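Q: Please choose one part of this structure and take me through it closely, step by step, and then set it in its wider surroundings. I am in my first year, so careful explanations would help.

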Amino acid sequence: MTGWEVFLQQLIIGLSNGMIIALIALGYTMVYGIIELINFAHGDLFMLGCFAALTLVSLTGDLPVWLVLMLLLVLTPVFCGGLNWLVDRLAYRHLRDATKLAPLVSAIGVSFVFLNLGLFWGGLPLKVFGFGKAAAAPKDFPTLVSNANLLGSSNVEFTTKDLLVLVITVPLMVGLTLFVKRTRAGKAMRAVAQDRLAAQLMGIDANRVIGQTFLLGGGLAGVASVVASLYNNTIYFQMGYRAGMDAFTAAVLGGIGSLPGAVLGGLCIGLARAFADQYIATRWTNVIVFAILILVLVFRPSGLLGAKHREKV
Amino acid sequence: MKLRFHWAFLLVAALVPVVGLFVPAARSLGELLRPIFIMAILALGLNILTGFTGILNLGVAAFMALGAYAYAILTCDIYPFQFGFWPAVMLTVLVGLLAGLMLGLPTIRLRGDYLAIVTLGFGEIVQDSLKNMDVITKGTQGINPLPGPTFAGYMFRSETYAPWYYLFLGFLALVVLLNRNLQRSRVGRAWIAIREDELAASCMGVNPMKMKLLAFSLGAAQCSLAGALWASFLGSSGEPGNYDFQVSIIALCIVIVGGMGNIAGVLLGALVVIGCNSIVLETLTNFLKAHELISSTNVYTAPGNWKYMLFGLALILMMRFKPEGLLPSRQVKAELHPHEPPPS
Amino acid sequence: MSLLQVDKLTMRFGGLVAVDAVTLEIPPGEIVSLIGPNGAGKTTVFNAITGIYEPSAGGVRFAGHETRSEFCGSVAVLLLLTGFLTAGALILLCNIESLWEVVITGNYQYRQVFQWKPANIAFTTYFSENSGTRLILPAVFGLFLGLAGAWAVWQRSRRAPEVAAHAGIARTFQNIRLFNQMTVLDNVLLGMDTQLRTRFWHAALRLPLFWRERREATGKAIEILRFVDLDREVNQLAENLSYGHQRRLEIARALAMQPKLILLDEPAAGLNPAESQALMELIRQIRERGITVLLIEHDMQVVMGISDRIAVLDYGEKIAEGTPAEVRANPAVIEAYLGKSDAST
C-alpha cells in the first residue's frame, strides 16, 4: 500500500470508530448538560447494551439478517434507555439538591453494579456465552454484517461495516439535532439545562424532563453498542471502562454540554487513535490522546465548542 | 487537650500489637491493618485535594504508582542507586511533589469537571507509560526484590509483622499531624474557602492558582509516600496494573464515605472500606472454600465475584441515606461549643 | 488626585451593552453612592473594578495603576522557565529508555560496584549520533509549547480579583457570599489573608511565626468583629447567623483586608429602618478609619443620608452626578428612577 492509501485507510477507520465514540459521548454530554453529573455508569451501560444485543442475537437464531438488525436497533436502545431512566429514578433523583459529589459517587456505585452485571451476564448458560463456563472471558459477536470491501479490489478498504456505521449514526445525529431544536420536549430539555428553577416556574416538570434525557442518552448508548458489536465482533465485560474513557475525553474535548462538541470530540479522538496507532505505536496511543486533550484545554479551557462559563456575581 | 477521634484511633491502633502478644485474633488483625494504614495515607493525600480544596481527582493511583516505582528504582539492587529506606522515601516524596506540580501547572485554570476528567486521563497514561517503558520499569514483571526498611541498623523481615505495623502507623501519625496542622492554619482556611466559594475567596486576596498548586503538590507527595510504603511492604514495585482506576476510586470512596475534609472521617472510612473488602470478603471466601461451595465454572458461587455489586450497592445506599459521610466535618465542629471563645 | 478612576468603562456581553462609557472619579476619603434602576449595570461596574470582568473598552485605574498584573522581568523569567522545562521534559520523554540503557544498564553489572565515572556516562556520543530527531526537534517543540502555554495561562490570569484585592480594593456582594461552613472568626481571618506572612511550612511544622501571627491575627479579627458588633458570635457557623448579622459579617470580612477602598453592594437590602440607621453609622465610622467607600444602594434614606456624592446609572449610562441635593432635583434622575411623587424623600 502506498503512503497515501495507508493514510486514507486510517482515515476511514478513525472516522468509523469516531462516530461510535461520538454516539456514546452524546449520551454522556446530554446528561451532564442537564444535571452536571459525570455519569460514570455510561460506559458500562454501553457494555450492557452489547451483552443485551448478543443475547438478542442468540434468541433470534434463524431469522433473516435484516430482521435481526432491525430488532437489534430497536430493542437494544429501548433496553439501555429504560435502564438509564430506571437508574436515574432510583439512584439520582433524590440527590438533585445534594452536593455535587453525592450523585457522582452514586454513579460510581451504579457503574460497579453494571460491571458486575456484565460479569454475571456472561455467566448465563447460553451458547453465545460459552454456556457460562468462562464468564469473564471475551465473547464473540457473530458477523452479521460482512467485511466485504465496497471499493472492490482497491487497497483501501471501505467495508459494509463502515457503511453501516455511517448509515446509522449520521441520520441519528441529524434527528437528534432536529429533536433538540424543534420539538417541545427538546426545548424543555434545553430549558432545564440552562436554568432548572426558571424552567420549573414556567411549568416544566424538571424531573420528568431529566428522566427523558436519561432515556434518550441511554438510547444513544444502546445504538452505539449495537454498532460497536457489529463492527468489532467481540465484547467483554470490562469494555465499558475503555468506551467510557473515550467518551468522557471526547465530550470534554468538544466542550461538556455541547452536542456538536461531543460529535466533534468523538471524531477527533477516533482519528487521533487511528493515526497514533499507525504512525507512532499502539502502546502510546492513550498517552497521545491525553496529550491532545491537555493541549486543547490549556488554550481553550472550555473545550473546542464549549460555552465560556460566566459566573453570576 | 480534648481527645479527638483521630488521636483516639491512632492510640488504640498502637495498642493492637501489644494486645496481640496475648490474643492471636488481635495479631491477625494487626497484620490486616498494615495495608489499611497505607491506604489511609493515600486517602489523606486525596483528602487534601478533594476534601479540603474541592478539586475532584479521579487518578490518585497514578501518584501512588510513581511513588512505588520511584522507591523501587532507588532501592532495588538491579540498579546502581541502592539507597537506604529513609533517603529513598524522602526522594520519593520529592518525586511526588514534582509530579503533582507537573499535573497541576497546565490544568490549574480548568473548571472542576474538566479537571476531573483530566485527572482520570492522567491516571491512565501513567499506568500505560509505566507499562511501556519496560527497559526501566520491567513492565508487568515489576521491580523486585526490594530490601526491607531499616531502622537503627535493624532490617525488617517479613516474618515479624510488628515492626512493619509500627513503621506504617508512625508514618500515618506523622501524616495525620501534618494534615491537621495545615487544616487549622491560614493554608487550610484558604483551601476550604476555595472549596466553598472560589470567586469570593479570590476577591479576598487568596490566590486560587497558588493554593491549588500547593494542594496538588502536597496531595501528590502524600500519595507517593503511600506508594513507597506499599512497595516496601510488598517487597516489589508491583505491576502497573495494580495502580489502576479501581485504586483511585477506592481512595475517593474512603474520603467521601468517611466524610469529606474530615481527617478522622478518612481514617474511619479507610477502616470501613478496606476492612470490608479484605477482611469480610476474605473470611467469607475462605469459609465457602472450606465447605467446597465454590465452583470455578459457575461464576455466581465465588464471593469475590460479587465484590463489585456489593461495593456499588453500598455506595448507592450510602449516598441515598447519608451523603455527607459517616463523620461529616462541619457537624463535628458545630456540635461543639458555638459560643465559647476561640479554640487554642 | 482620585483614588479610583473609572475611565469610559464599557462592558459588552455578546450583543448586550451592560455598561456604556461610564466615567467615575472617586477621591480618597469620600462616600460615593452609585444608584439606578435594576439592570442599570451597577454591579457590573463593581465587577469590572474588582477584576472579575475584563473591560470591553475603557479602563479602571486604582491609585494610579491599572488593576491588572503587568508584564515584567519576573513574568518573563517564569515564561522562559516553563519553556525550558517543557523542552527538557520532552527531550527526556523521547529519549529516556535509550538514555537509561546507555547510562545505567549498559554500565552496571548486577551486584557489582557502579563506577560513576564521566567516561561511563556516554551522553555526548549518544546525542551526537541522534541529534536531529532526538534532541533538536523535541527541544524546539517543547520550548514553543511551554512558552505558548504559559503565555496563554498568564494572559488569562492577569486581571484576576486577587490582583485588585492586593491593590487595596475590598468588596461585599449583592447576594451574600460568605463561607457558610466556616465560623464567623474564620471568615474574618480569611479576609485578613493578604496581611498574613505565614507560609505552609510555618503552618505544617508549627514554627514560632505561626503561633505569633495566629495570636495577633485573632486579636485583630476580634477587634474588627467588635467594630461591627458581632463579637458575641465568634464561633458560630456563618450560615447560622441571622440575615442582618450575615451582612455585617461580610463587611467585617472586607474590612479585615485593610483596604483603601471598600465597595458595598446593596448593604441595606432587607434591613429594617433601625438596622439601616445602624448601617449608616457603621459606614460613617468606616470612613473615619480612612477608608473610601463606594456604595450601591436602593434605599434612598441611606443614600441621601450618608453620601458625599451620588452617581446615577440608567441602561448602562451615567445620566447624572453630584451632591444628594443636586441629584434629587435632577429631572432626568426623577424620570428614570426616583419617581415624581418621591422627589421629596
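A: What follows is a close look at helix α1 of chain C, its neighbouring sheets and then its wider setting. Please keep in mind throughout that this is a predicted model.

Helix α1 of chain C covers residues 42-49. A residue is called buried here if 20 or more other C-beta atoms lie within 10 Å of its own. Eight of the eight residues of α1(C) are buried, so this helix is largely enclosed by the rest of the structure. The buried residues are K42(C), T43(C), T44(C), V45(C), F46(C), N47(C), A48(C) and I49(C). Just after the helix comes G51(C), which takes a positive phi of about 85 degrees.

What lies alongside this helix? Part of the answer is that α1(C) lies across β1, β2 and β4 of chain C, running at about 115 degrees to β1(C). These strands belong to an open sheet of four strands, whose order is β2-β1-β4-β5 (chain C) and whose pairing is antiparallel. At the edges of this sheet stand β2 (16-26) and β5 (65-66) of chain C, each of which pairs on one side only. Further in, strand β1 (residues 4-13) and strand β4 (residues 57-62) of chain C are joined in the antiparallel sense over five bridges. To see how this looks at the level of single residues, find Q5(C), which stands opposite R61(C) in β4(C). As general background, strands of a sheet pair through backbone hydrogen bonds, either parallel or antiparallel.

The helix has further neighbours, since α1(C) also lies across β3 (31-35), β6, β7 (261-265), β8 (292-296) and β9 of chain C, and it runs at about 150 degrees to β7(C). These strands are found in an open sheet of six strands with mixed pairing, in the order β6-β7-β8-β3-β9-β10 (chain C). Here β6 (169-171) and β10 of chain C are at the edges with a single partner strand each, so one side of each has no neighbour in the sheet. From one strand to the next, the twist averages 20 degrees. Another helix, α9(C), lies across β3, β7 and β8 of chain C and runs at about 150 degrees to β8(C).

At one end of this six-stranded order, strand β9 (residues 309-314) and strand β10 (residues 317-322) of chain C pair in the antiparallel sense over five bridges. Two of the residue pairs can be picked out by eye: L313(C) stands opposite K318(C) in β10(C), while D314(C) has E317(C) as its bridge partner in β10(C). The hairpin that these two strands make has two residues between the strands, and Y315(C) takes a positive phi near 50 degrees there.

Now step back to the chain as a whole. The domain assignment of chain C gives domain 1 (1-68 + 160-168 + 259-345), domain 2 (73-157) and domain 3 (178-258). The C-alpha centres of domain 1 and domain 3 of chain C lie 27 Å apart, and nine residues of domain 1 of chain C are in contact with nine residues of domain 3 of chain C. On the domain 1 side of this contact, α4 (161-167) and α9 (273-288) of chain C each supply at least two residues.

How many residues are there in the largest nonpolar core? The largest nonpolar core has 305 residues, and those with the most contacts inside it are I41(B) and M64(B). Its largest share, 15 residues, comes from helix α10 (residues 208-234) of chain B. Domain 1 and domain 3 of chain C both give residues to this core, so it lies between them. In general, nonpolar side chains of soluble globular proteins tend to be buried together.

Finally, chain C has a partner in chain B, and their contact takes 38 residues from chain B and 46 residues from chain C. On the side of chain B that touches chain C, α8(B) gives the most, with seven residues. As for chain B itself, it has 14 helices and two strands, and 53% of its 344 residues count as buried.

Terms used:
Residues numbered from 1 in each chain as written. Chains lettered and ligands numbered in written order. Predicted model: local features only at pLDDT ≥ 70, side-chain atom pairs only at ≥ 80, totals over all residues. Buried ≥ 20, exposed ≤ 12 C-beta atoms within 10 Å, placed from the backbone. Core = buried A, V, L, I, M, F, W, Y, C linked by C-beta atoms within 7 Å. Domains from an automatic or database assignment. Pairing = 2+ DSSP bridges. Contact = placed C-beta atoms within 7 Å. Axes fitted to C-alpha atoms, helices over the stretch in contact; angles between N-to-C directions.
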